[in-house]
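Below are some notes for a colleague reading this two-chain model, set out as numbered points. They begin with one helix and then turn to the sheet.

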Amino acid sequence: MTTDDITSLIPQRPPILMVDRFSYEVDSLCHSELTLKEDNMFLHNGSMVPEGLLEHIAQTAAAHIGYRRKMAGEEVNLGFIGDIKRCTMGKRMPTVGQTVMTTMRVVSQVGNITMVSAESTSNGVTLIECRMKLAN
Amino acid sequence: MIKKMVSILASEFEVEEDVITPEANIKETMHLDSLSLVDMVGLVEEEFGVEIKTADLPTIKTFADLYDYVYKNQK
């Protein structure tokens with residue numbers, strides 16, 4: 001499933017929306033994209049700040065959870081970042097006009113806590129790799 | 001398997017290996033809360049290929065319970 005209608009999967013709305021396109025592959029794997037526009041809230045001197053990438057990954061994970069909830073006939077709810085681990089940042093941050101592509105895998109899930117691992121790239125270059133726990 | 005499990009858990013949760021005894025309570029020994037419990041579940045799946053189902057978690061109280069679960073469910 002691929003959608004540009006992210007707002008049906010996560011509660012975030014512009015200007016804080018950080019996912020343009022979402023693809024659900026299987027229960028434990030998904031992909032997302034974000035093309036940086038000039039009005040993005042997480043820009044500094046034309047480049048994205050690291051917090052923007054983390055928010056993008058968190059919203060990717062939230063969309064994955066949201067899609068699963070939607071398919072189960074449940075409401076999409078607000079989630080929270082619980083923890084970030086094993087985080088490595090690339091040397092260059094994406095700039096306006098570039099597209100960030102993220103692959104996210106669910107590592108484990110216990111109740112309403114989900115741990116994911118994610119890698120974001122742009123033009124084939126790794127921007128960030130991390131593990132993130134979300135509570136929803 | 002037990003030696004590897006003890007080593008990995010001690011390293012991940014920053015406890016001494018000798019406190020991880022078969023009869024010790026997992027949550028108390030490794031100071032696990034609901035957020036860090038998911039770390040242990042992920043670690044077991046990645047290192048031993050065993051998925052701990054949420055419904056089974058209440059039955060895994062001690063390290064002996066965990067070893068038994070992994071042993072029985074390893075492919």
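1. The model is a predicted one, and a convenient place to begin is helix 3 of chain B, which covers residues 34-48 and has 15 residues. From its first C-alpha to its last it reaches 21 Å, close to the 21 Å expected at 1.5 Å a residue. The helix is followed by Gly49(B), whose phi is positive, near 70°.

2. Which residues of helix 3 of chain B are buried? They are Ser36(B), Leu37(B), Val38(B), Asp39(B), Met40(B), Val41(B), Gly42(B), Leu43(B) and Val44(B). These buried residues pack against elements of both chains, namely strand 7 (99-110), strand 8 (113-122) and strand 9 (125-135) of chain A, and helix 1 (2-13) and helix 4 (63-73) of chain B.

3. As for its orientation, helix 3 of chain B lies across strand 6, strand 7, strand 8 and strand 9 of chain A, and runs at about 95° to strand 7 of chain A. The contact between the chains takes 10 residues from chain B and 10 residues from chain A. On the side of chain B that touches chain A, the residues divide by class into five nonpolar, three polar and two charged.

4. The sheet in chain A is open and has seven strands in the order 1-2-3-7-8-9-6, with antiparallel pairing. Strand 1 (2-3) and strand 6 (80-89) of chain A stand at the edges with a single partner strand each, so one side of each is left without a neighbour in the sheet.

5. Strand 8 of chain A deserves its own paragraph. Seven of its 10 residues are buried, so that the strand is mostly covered. Nine bridges join strand 8 of chain A to strand 7 of chain A in the antiparallel sense, and among the bridge partners are Ser117(A) for Arg105(A) and Glu119(A) for Thr103(A). With strand 9 of chain A, strand 8 of chain A pairs antiparallel over 10 bridges, and Ile113(A) stands opposite Ala135(A) in strand 9 of chain A.

6. What sign does phi take at Gly111(A), in the hairpin of strand 7 and strand 8 of chain A? Phi is positive there, near 60°, and this hairpin has two residues between the strands. The hairpin of strand 8 and strand 9 of chain A likewise has two residues between its strands, and Asn123(A) in the turn has a positive phi of about 55°.

7. Finally, helix 1 of chain A (residues 50-71) lies across strand 2 (21-26), strand 3 (29-35), strand 6, strand 7, strand 8 and strand 9 of chain A, running at about 55° to strand 9 of chain A.

How values were computed
Residues numbered from 1 in each chain as written. Chains lettered and ligands numbered in written order. Predicted model: local features only at pLDDT ≥ 70, side-chain atom pairs only at ≥ 80, totals over all residues. Helix = DSSP H or I, 4+ residues; strand = E, 2+ residues; numbered from the N terminus. Expected span 1.5 Å × (residues − 1). Buried ≥ 20, exposed ≤ 12 C-beta atoms within 10 Å, placed from the backbone. Contact = placed C-beta atoms within 7 Å. Nonpolar A, V, L, I, M, F, W, Y, C, P; charged D, E, K, R; others polar. Pairing = 2+ DSSP bridges. Axes fitted to C-alpha atoms, helices over the stretch in contact; angles between N-to-C directions.
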